[in-house]
Amino acid sequence: TPEVPQNSTMPLDNINQGTVAIEASRAIAEAQGKLVIAKRFPRNEIQAFANMKKACQRTGLANKAFYSYPRGGETVSGPTIRLAEELARCWGNIDFGIKELSQDNGKSEMQAYAWDLETNTMSVQNFTNPHAKEVKGKIKTLTSLRDIYENNANMAGRRLRARILAVLPADFVEEAVAECRKTLAGKKNIPRVRKMVVEFEKLGVTQEMIEKRLGRGLDTMTAEDLTDYIGIFNSLKDKNTKVSEWFEYEKISTDISAEIDQLQTEKEQVL
């Protein structure tokens with residue numbers, strides 16, 4: 001199919017209408033097929049709850065189940081996209097995903113959606129994502145295809161999480177969150193705190209910085225504290241927030257602290 005150049009004024013009549021019709025028919029047939037299968041094999045809600053409980057008892061999932069970010073002097077937390085995807089799998093008969101509808105003039109038109117095939121309940125969000133990111137307080141235009149892809153995937157992932165959670169039953173999500181917290185609380189704290197400190201140090205966060213924010217020694221960390229800091233770690237690891245938004249740098253030099261943030265930003269661009 002011939003591509004239409006960016007900023008082109010080529011009339012729609014020049015687009016291969018046959019290809020458009022074929023793709024439209026294929027999409028309709030695919031959607032109808034999913035609905036038929038969902039009706040033929042309906043979900044077992046009792047089994048879905050059992051599957052969710054079992055999944056949330058896995059430490060690997062529980063460690064990635066929460067995110068946190070600062071807002072207005074408070075910490076906002078909730079289920080991550082990883083937990084949302086797992087819950088959709090356990091609930092069953094849910095189609096979800098991300099689509100790039102178009103890309104031109106330094107921006108992408110994106111769509112995040114979740115569709116409960118049994119109830120025909122759909123949650124959709126269309127949004128525009130500019131090919132740019134903030135670096136040291138300045139907006140940097142992205143030109144690398146990889147940078148654009150990763151930026152789109154990052155922004156779309158947040159919206160996809162909300163769309164999945166919108167079609168799942170609220171009590172199903174609440175029980176999953178509670179089960180993940182029980183899984184984290186059920187493990188011995190000290191070894192897990194030590195492991196957490198090692199992982200934080202890879203992001204430029206020292207034990208002293210953690211203790212200063214906590215207001216006491218790490219040996220006093222409760223299961224609830226640990227859950228909160230896991231959310232902070234996930235937020236930093238996923239590059240949704242920066243170290244300086246959570247922790248105070250040791251008073252060695254304000255220049256060095258600025259360099260740490262810059263190195264973190266440069267590392268994101270290289271990876």
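The following paragraphs describe the secondary structure, the sheet and the helix packing of a protein chain in a predicted model.

The protein chain contains 10 helices and seven strands, and buried residues account for 36% of its 271 residues. Among the contacts between residues at least 6 apart in sequence, 60% join residues that are at least 24 apart.

Three of the strands form an open sheet in the order β3-β4-β5, with antiparallel pairing. Strands β3 and β5 occupy the edges and have a single partner strand each, so one side of each is left without a neighbour in the sheet. On average, and with direction ignored, neighbouring strands of this sheet are turned by 15 degrees against each other. Helix α5, spanning residues 145–167, packs on the sheet and touches β3, β4 and β5, while its direction makes about 155 degrees with that of β5.

Within this sheet, strand β4 (residues 107–116) and strand β5 (residues 121–130) are paired in the antiparallel sense over 10 bridges, and Ser108 has Asn129 of β5 as its bridge partner. The two strands β4 and β5 form a hairpin with four residues between them, and in the turn Asn120 adopts a positive phi of about 60 degrees.

The edge strand β3, which covers residues 94–104, includes Ile94. This residue, Ile94, is buried, with a relative accessible area of 12%, a value that falls under the 20% limit used for burial. Although Ile94 and Asp116 are 22 residues apart along the chain, their C-alpha atoms are separated by 4.6 Å. When residues up to four places away in sequence are not counted, Ile94 touches Arg43, Ala88, Trp115, Asp116, Val167 and Leu168.

Helix α4 is mostly covered, with eight of its 11 residues buried; these are Ile81, Leu83, Ala84, Glu86, Leu87, Ala88, Cys90 and Trp91. The helix is followed by Gly92, the phi of which is positive, near 85 degrees.

Two helix pairs were examined for their packing, and such pairs are described by the angle between the axes and the distance between the axes. In the pair formed by α4 (residues 81–91) and α6 (residues 170–185), the axes come within 11 Å and cross at roughly 120 degrees, and α4 is therefore oblique to α6. The crossing in which α4 passes α6 is right-handed. On the α4 side the contact is made by Leu83, Leu87, Cys90 and Trp91, and on the α6 side by Phe172, Val173, Ala176, Val177 and Cys180. The residues of this contact comprise nine nonpolar, no polar and no charged.

In the other pair, helix α8 (residues 207–214) and helix α9 (residues 223–237) pack at an angle of about 120 degrees with their axes 13 Å apart, and α8 and α9 are therefore oblique to each other. Here too a right-handed crossing is found, with α8 passing α9. Ile210, Arg213 and Leu214 of α8 meet Asp225, Tyr229 and Ile232 of α9, and the residues of this contact divide into four nonpolar, no polar and two charged.

Notes:
Residues are numbered from 1 along each chain as its sequence is written. This is a predicted model: local features need pLDDT of at least 70, side-chain atom pairs count only at pLDDT 80 or more; totals for chains, interfaces and linings use all residues. Side-chain values use heavy atoms; hydrogens and water are left out. Axes are lines fitted to C-alpha atoms, for helices over the stretch in contact, and angles run from 0 to 180 degrees between N-to-C directions. Angles under 35 degrees count as roughly parallel, over 145 as roughly antiparallel, 65 to 115 as roughly perpendicular and the rest as oblique. A crossing is left-handed if the near helix is turned anticlockwise from the far one by less than a right angle, and right-handed if clockwise. Contact means heavy atoms within 4.5 Å. Ala, Val, Leu, Ile, Met, Phe, Trp, Tyr, Cys and Pro count as nonpolar, Asp, Glu, Lys and Arg as charged, and the others, Gly among them, as polar. Two strands pair if DSSP finds at least two bridges between them. Buried means under 20% relative accessible area, exposed over 50%, partly exposed in between (1.4 Å probe, protein chains only).
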